[in-house]
Amino acid sequence: MSRSELSVARWLDAHSDHSAGLATLPQGAILADIAGDGEHRLALLDIKLGKDSRSRLKVYKGTLLTADQTLPDVPSGIISFYTDPSDNKYPAVGIACGLDLLIYKNNKPFFKFVVPSLPISPLEVDIWSKLPDHVNQTVGKLVDNLKAVPYNTLTPRSQLLVNLPPEQYPEFIQNFKNLPLKRQSPITCVAVLQRSSHELTTPGCPIVATEAGHVYFLDPVNFQILHQASVCSTKASPCIMRTVGFFDVEFRLIIATREGHVTLLRRGYLEGKVLMHTVKDIIDMQIVPGDNFILLATSDQVLTCYTKRGNKLWSLEMKKPITCLCLIPLKHLSTSLVAVGMKDGAVQIYKGRHLVDHFSAADTPSVIIFGRMGQEEHVLVIITISGILNLKILKRTADFNLNKQDASLPLMQNKPLPLPKRSKLFLEQSARERQNAVEMHRNFQQDLIRLRLNAARAMAHSLSDSTGMGNEKEMVKVSAQVLGLGPNFTLVLNLENMNSNKPLLDLSIVFHVRPDLYKLSDYLIPLPLIPPGLTFRVETKVEELQPEMDANDNTNVQLEKDGQSLQHVKVFCVRKDQIAPIIAATINMPPTDITIPVL
Amino acid sequence: MPEPHPMEKLNWLIHLYHIRGEIGPCRTLINDEIEQSQGKNEFALYKKGIILREEGNLQESLETFQQCHKINPENVDNLKQIGKCLFMLKRFRLALEAYLQAENAAQKHDWEIFHNIGESCLQLKDNNRAKEYLEKAVNLGKQEVSYNLLIKILSKENEWQTAVTTSNKGVESCPDSADMLTKSGILYLRIGETQHAFERLSSALALDASNHRALLGIGCITQNHEEHDVALSKYKIAVQTEPNSVALWNNIGMCFYAKQKFVAAVTCLKRSLWHSPLNWKVLINLGLVNLHTGQAASAFNFICAAVNIRPDLGHTFMLLGCALLELNDKENALQALSQALAMSPDDAYIVLNACLCYYQTGHRDKAAELLERFKNLANGVKTEELNKLYVKLDLSLTAINDADQPPPPPPTGIKSNENIINNPDDSAATEDTKESTNIADMV
């Protein structure tokens, strides 16, 4: 049985809503008994960033959208927890929205927890106490004082103020004069820690972590801060939190940060202990129950498993970038699997480091969650980046026993080497060589020496005769033009100084022709100074001497020597006191139409 | 007017979009945030810089990070990113300065900064300082990249023992890294501890069964033990993942040569040579195979190329001499062999081959002297073929001396023997090739 057959058999495609249009991010969806009727629902955050649209909290009962309410701000996470041991009918739903943790019960607002203010610079407090009383002139001075405080330690209000144009200062200050200064750090992630029992309906403490790296453990009854700690000793912004254990007994809170640290907070810790540091960004993190192994998905497409102390155990490289992870605890099989969502829709399910199942979603999954939904115990919810909602139900008969190790290695060994067949030609040639090795060697050496000699000759020839259209060193370029049909021509030479800095000095042009073929108006033309980048034009008249008509054969001999035409003008550009020409050119003259005498 | 929001409000979302590769929405969000904060949102700018760098706009990225640094001069991360951009722009000195500044600004020791300082120093050819910083990085971070870089420097400076120690530490801190295990195995091979090398390479293969460098290493060890079929089976797997490796094809070729499959050997060696036409080891091996198949003219060309590339080795000259002898060019053969003899006067192969050459050219005294020298050489280096040839030469020489007659033509057996003599030499070349190529790969 192949793998694909198995994967079809394990999951039932229960529902797929292509028009859901959800923009949900990891940490943005939960399955919980929100209404308290035993029917677990899917609560999710639909994030909209546009100016005229608001983010929403949506609740699905089965496949139906049963509640939809707007949220005051862009939410970063959603959790559900039971608040009171005496009241375990409805769990509370907590949504981290900007600075607040909004708590809903049965879809109704219930409480709002606001993160406490961070310390404010005394200078800023002082300035704000003075600001409202000051007349316009000195306000500017006070605002300048504010600028002396490091920008990132100012309250948002002051940050805005220092960026305002001075004429708007008074209005702005009037607006805020009676309100206390606040400097709060937005909530980046939330988690729940069971208080004293594994039972889901017992109270759990919400945990809130902020941008500045503070972690607040809240009391589920009155939402006071039970414990406060910081993520780690350096600056770190938490992005994912996972919990193990009980708040009242012993717990581990594992925090992944944007900087790539994974830190551990335990009962009584005031500061997180760094477990490890990854070079690449952490995309998602899961804790495998039982061993408490930490699974990290990083942006280099690798899934890595660490022990709870932070020692690396194994890593797997995926074929596509990972977008999300989901823990699939299966109590009836007493095992836990991890679903890995990847770009372009592949979802692979791993048991430890072994792939046990895979299927593909419609496109890149953005969130995968697993849990109870409605009456169904094992439902996998996949929300893709393009907003498709997909529900899959795990078959009761599905088992995730390891497939046999694939036998790819022996297969690879059995593949023969990609060697070409021995060709007949090859064999013949080698046989020939074996017979006549000495001769072949001698011929080869002779030819080699001959080749070298020819090459050396050619080299010597080209060195002695500096023909060419340009001179690299002097940066002179010559172009020639022959005007006329003959026997009288005009030879036009253009000398270009390509050097952008130096002018050309002391040059003259010398013409060489066969005196029996051509007569020139000038044989030596001294050149004036040619400034950088400019061209100079030289003209000379060429008269072709009419050969004697009586000896036709002889004229041909005269015009050609060694197969080369003699009908050319050689041009040399020479510098005073230099033997070698700076540049030389051979200009082939067009043949004159010999006027045939009419008989 | 409501109380303004903190500008860091959506930093988490920027980060999430970025790491999941949703660059489009990420960029829109960053631009919105930068606009709203009037260019003061450090994190948004920081991410903008990173995205720009990922897209290859290094200069713009650098400018963005410099903007970040201006907003918050205390943030070490900004300095680190500036250093990284400068490093990628190949302005190593400036990068080094940025990192050194980061080192001073950082409250805590940071392996990344140490590592990057080391890397910049390495680019600036300041190996000692690079080593110093990389050692710090290794001790602090225990990261594979730092180990790799440190090992690279140590190998470059031929400090093999230290390199092995470092790689052992590396294996300890990254026990699941097949690359690190392979590296360690190859370093062990380099210093000649085959047993350790074999262990390391085997554990590397246990983690990654198709790691071609580990397979090459294991194959080489088995090949040296003359288990050519085992070696071939390893190379076959390695070739699937790395079909363009010079060393692999060279070693496969020599396996075939040892199995007397000369056509296949020539094919493989030529393939290897095609990838690296100036690899003198492949050239020598090809020359050797061709000598063996009686194609002395081809052999001469290959060996000649090898001699031109490495004129400092006795063995190449010896092979050149053998080829010339086959080609009946005795004068030049004599010259080549005396050159070889001058370079390594104590090599048994060279001594005996030179002796043969002198004998064939009629220099009986010189031949007898060399034979004497061969006799006095350590016994350990003499193989069976060498001894056989020695006995034959000895017999012919003494026969001449007794009879005092013009020398009889040398026994034909000697010639074929002479080719076989080169046989062990080739495996030495094989081993060398493999090792040096591996190291080249590593670097």
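In this predicted model, strands β4(A) and β5 (residues 64-70) of chain A run antiparallel and are joined by six bridges. Within this pairing, K61(A) stands opposite L64(A) of β5(A). The two strands form a hairpin with two residues between them, and here G62(A) adopts a positive phi near 60°. Strand β4 (residues 56-61) of chain A also pairs with strand β3 (residues 41-46) of chain A, again in the antiparallel sense, through five bridges. In that second pairing, A43(A) of chain A finds its bridge partner in V59(A) of β4(A).

A little further along chain A comes an open sheet of four strands, arranged in the order β6-β7-β8-β9 with antiparallel pairing. Its edges are taken by β6 (75-81) and β9 (108-114); each has a single partner strand, so one side of each lacks a neighbour in the sheet. On average, and with direction ignored, neighbouring strands here are turned by 20° against each other. Looking at one pair in detail, strand β8 (residues 100-105) of chain A and the edge strand β9(A) are antiparallel and share six bridges. One of the bridged pairs brings together K105(A) and K108(A), the latter in β9(A).

A second open sheet of four strands in chain A follows the order β34-β32-β38-β39, and its pairing is likewise antiparallel. The edge positions belong to β34 (524-526) and β39 (583-588), and because each has a single partner strand, one side of each is left without a neighbour in the sheet. The twist from one strand to the next averages 15° in this case. Inside the sheet, strand β32 (residues 507-512) and strand β38 (residues 568-575) of chain A run antiparallel and are linked by six bridges. L507(A) has R575(A) of β38(A) as its bridge partner.

It is helpful to set these elements against chain A as a whole, which has nine helices and 39 strands. Of its 599 residues, 46% are buried. Among contacts in chain A between residues at least 6 apart in sequence, 47% join residues that are at least 24 apart. One of the helices, α4 (residues 156-163) of chain A, is mostly covered, with seven of its eight residues buried. The buried residues of α4(A) are P156(A), R157(A), S158(A) and Q159(A), together with L161(A), V162(A) and N163(A).

Chain B offers another picture, with 24 helices and zero strands. Buried residues account for 55% of its 443 residues. Where contacts in chain B join residues at least 6 apart in sequence, 53% of them link residues at least 24 apart. Two helix pairs of this chain are described next. Two packed helices are described by the angle between their axes and the distance between the axes.

In one pair, helix α4 (residues 58-71) of chain B packs with helix α5 (residues 76-88) of chain B at an angle of about 160°, and the axes lie 9 Å apart. Angles over 145 degrees count as roughly antiparallel, and α4(B) and α5(B) are therefore roughly antiparallel to each other. The crossing of α4(B) past α5(B) is left-handed. On the α4(B) side, L58(B), S61(B), L62(B), F65(B), Q66(B), C68(B) and H69(B) take part; they meet N78(B), L79(B), Q81(B), I82(B), C85(B), L86(B) and M88(B) of α5(B). By class, the contact of these two helices comprises nine nonpolar and five polar residues, with no charged ones.

In the other pair, helix α8 (residues 127-141) and helix α9 (residues 144-156) of chain B pack at an angle of about 150°, their axes being 9 Å apart. This angle makes α8(B) and α9(B) roughly antiparallel to each other, and α8(B) passes α9(B) in a left-handed crossing. From α8(B), the contact draws on N127(B), A130(B), K131(B), L134(B), E135(B), A137(B) and V138(B), while α9(B) supplies S146(B), Y147(B), L149(B), L150(B), I153(B) and L154(B). The contact of α8(B) with α9(B) divides into nine nonpolar, two polar and two charged residues.

Terms used
Residues numbered from 1 in each chain as written. Chains lettered and ligands numbered in written order. Predicted model: local features only at pLDDT ≥ 70, side-chain atom pairs only at ≥ 80, totals over all residues. Heavy atoms only, no water. Pairing = 2+ DSSP bridges. Axes fitted to C-alpha atoms, helices over the stretch in contact; angles between N-to-C directions. Parallel < 35°, antiparallel > 145°, perpendicular 65-115°, else oblique. Left-handed = near helix turned anticlockwise from the far one by under 90°. Contact = heavy atoms within 4.5 Å. Nonpolar A, V, L, I, M, F, W, Y, C, P; charged D, E, K, R; others polar. Buried < 20%, exposed > 50% of the residue type's maximum accessible area, 1.4 Å probe, protein only.
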